[in-house]
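Got your viewer open? Let's take a walk through this protein, one selection at a time.

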Amino acid sequence: MIDSDTVTGRWDSSYHAPVLVEEVVGLFEGAKEILDCTLGGGGHAEALLASGSSVVAIDRDEAAINEARERLASYETSGRFRALRGNFGEIDHFPELIGRSFDGILADLGVSSHQIDADDRGFSFRPGALLDMRMDRRAPGTAADLLNTLDEADLSHIFHDYGDEPRAGRLAREIVRRRARKPMRLSDDLVDAIRGAYGARTGPADFARLFQAVRIAVNDELTTLEKALPLLREKLQPGGLLVVIAYHSGEDRLVKHTMREWSLDCICPPRQLTCTCRGKALGGLVNKRPIKASQVEMAINPRSRSARLRAWRKAA
Ligand SMILES: C[S@@+](CC[C@H](N)C(=O)[O-])C[C@H]1O[C@@H](n2cnc3c(N)ncnc32)[C@H](O)[C@@H]1O
């Protein structure tokens with residue numbers, strides 16, 4: 001059981017306010033060992049530890065690992081918590097995880113509030129921020145690199161596919177035109193290009209959506225998720241639960257389709273007369289529809305408005 005103040009910020013920190021904590025803890029009730037693929041500020045991890053589970057957690061951002069290790073030091077000392085730096089898309093490459101499986105796996109996708117708030121990380125459109133946006137600062141390719149080197153068609157694809165921008169070509173053309181005179185370096189350069197492409201009436205909502213599209217490309221977030229989902233399923237024990245919280249429609253669609261496909265008995269083409277596939281569902285959906293934040297949580301934590309939680313249980 002978890003008390004009602006879970007929803008009102010008990011697990012928040014100045015680093016990040018986790019969403020749907022009560023729902024996550026409820027879904028994982030009784031799980032002994034949980035893999036948290038997106039540690040962030042450690043809010044979900046702490047709530048799960050407090051409910052009695054042990055947690056191994058991953059983050060590709062060194063700042064998140066340091067923050068959460070400090071917060072969860074007592075659990076680390078007692079051997080119930082361990083933090084590993086790396087990309088959950090490469091879960092099969094972590095030496096510490098070879099041969100291990102879990103009762104529960106959580107992936108709370110996207111970025112933490114800290115990443116957005118820290119100007120030197122370059123995720124935000126606040127004036128003067130360097131266009132960086134890498135979650136892992138060891139990785140090559142900042143947002144500026146991408147905006148200065150991709151061709152017009154690739155830029156257009158990013159704004160269209162990740163930013164739901166119907167007139168993506170216009171922005172791609174504007175960026176290519178501007179960067180020929182002066183390379184893109186600061187948040188202001190991208191904001192000016194957006195205004196140049198779509199007019200002065202564009203505002204923070206457009207900047208947020210189009211900056212998010214660049215962030216998704218810089219961190220290869222959709223491809224990583226697509227590659228990771230089957231690997232995470234493999235890491236589940238029979239009867240184990242995978243919980244994914246997505247904040248972007250493209251990510252949520254991918255999670256929905258993947259979990260649905262895993263839940264079908266037959267995945268042969270519709271006209272094929274004899275079944276030649278696995279012939280048996282790999283597991284089942286816990287909820288038909290995604291779980292969303294309550295009105296109360298949305299009022300307290302606006303970030304929770306776009307959260308969609310989907311859960312899938314592996315066959316026992
Ligand atoms: C929404 S935050 C997680 C917040 C966390 N649940 C909490 O309670 O504070 C997402 C975190 O996942 C990390 N992340 C995103 N994609 C990742 C990936 N492919 N591999 C590892 N970490 C990732 C980000 O660096 C960020 O810290």
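First, a term you'll need: the domain bounds used here come from an automatic or database domain assignment. Keep in mind, too, that this is a predicted model.

**Stop 1: the two domains**

Select residues 4-114 together with 221-314 and give them one colour: that's domain 1. Now pick 140-218 and choose another colour, and you have domain 2. How far apart do the C-alpha centres of domain 1 and domain 2 lie? They are 30 Å apart. Where the two domains meet, 6 residues of domain 1 are in contact with 6 residues of domain 2.

**Stop 2: the whole protein**

Zoom out and switch to cartoon view. You should be able to find 13 helices and 7 strands. Show just the C-alpha trace, and along its principal axes it spans about 60 × 60 × 40 Å. Does that fit a globule? With 316 residues, a compact globule would have a radius of gyration near 20 Å, and the protein has 21 Å, so the two agree.

Contacts tell you how the chain folds back on itself. Take the contacts with a separation of 6 or more: 67% of them are between residues 24 or more positions apart.

**Stop 3: the surface**

Turn on the surface. About 15000 Å² of the protein is exposed, and carbon and sulfur atoms supply 50% of that area. As for the residues, 50% of the 316 count as buried.

Next, colour by charge. There are 45 positive and 46 negative side chains. The centres of these two sets lie 5 Å apart.

**Stop 4: Ser304**

Select Ser304, in the loop between α13 (295-300) and β7 (308-314). Is Ser304 buried or exposed? Its relative accessibility is 0%, so Ser304 counts as buried; the cut-off for buried is under 20%. Now show what surrounds Ser304. Skipping neighbours within four places in sequence, you'll find Val19, Ala293, Glu297 and Met298 in contact with Ser304.

**Stop 5: Asp220**

Last, go to Asp220, in the loop that runs between α10 (204-218) and α11 (221-234). Asp220 has a relative accessible area of 39%, which means that this residue is partly exposed. Add Arg134 to your selection and draw a distance between the two C-alpha atoms. Asp220 and Arg134 are 86 residues apart along the chain, and their C-alpha atoms are separated by 9.9 Å.

Key. Residues numbered from 1 in each chain as written. Predicted model: local features only at pLDDT ≥ 70, side-chain atom pairs only at ≥ 80, totals over all residues. Heavy atoms only, no water. Helix = DSSP H or I, 4+ residues; strand = E, 2+ residues; numbered from the N terminus. Rg over C-alpha atoms; globule rule 2.2 N^0.38 Å. Buried < 20%, exposed > 50% of the residue type's maximum accessible area, 1.4 Å probe, protein only. Contact = heavy atoms within 4.5 Å. Areas by Shrake-Rupley, 256 points an atom, 1.4 Å probe, with all protein chains shown as cover. Lys, Arg positive; Asp, Glu negative; His and termini not counted. Charge placed at Lys NZ, Arg CZ, Asp CG, Glu CD.
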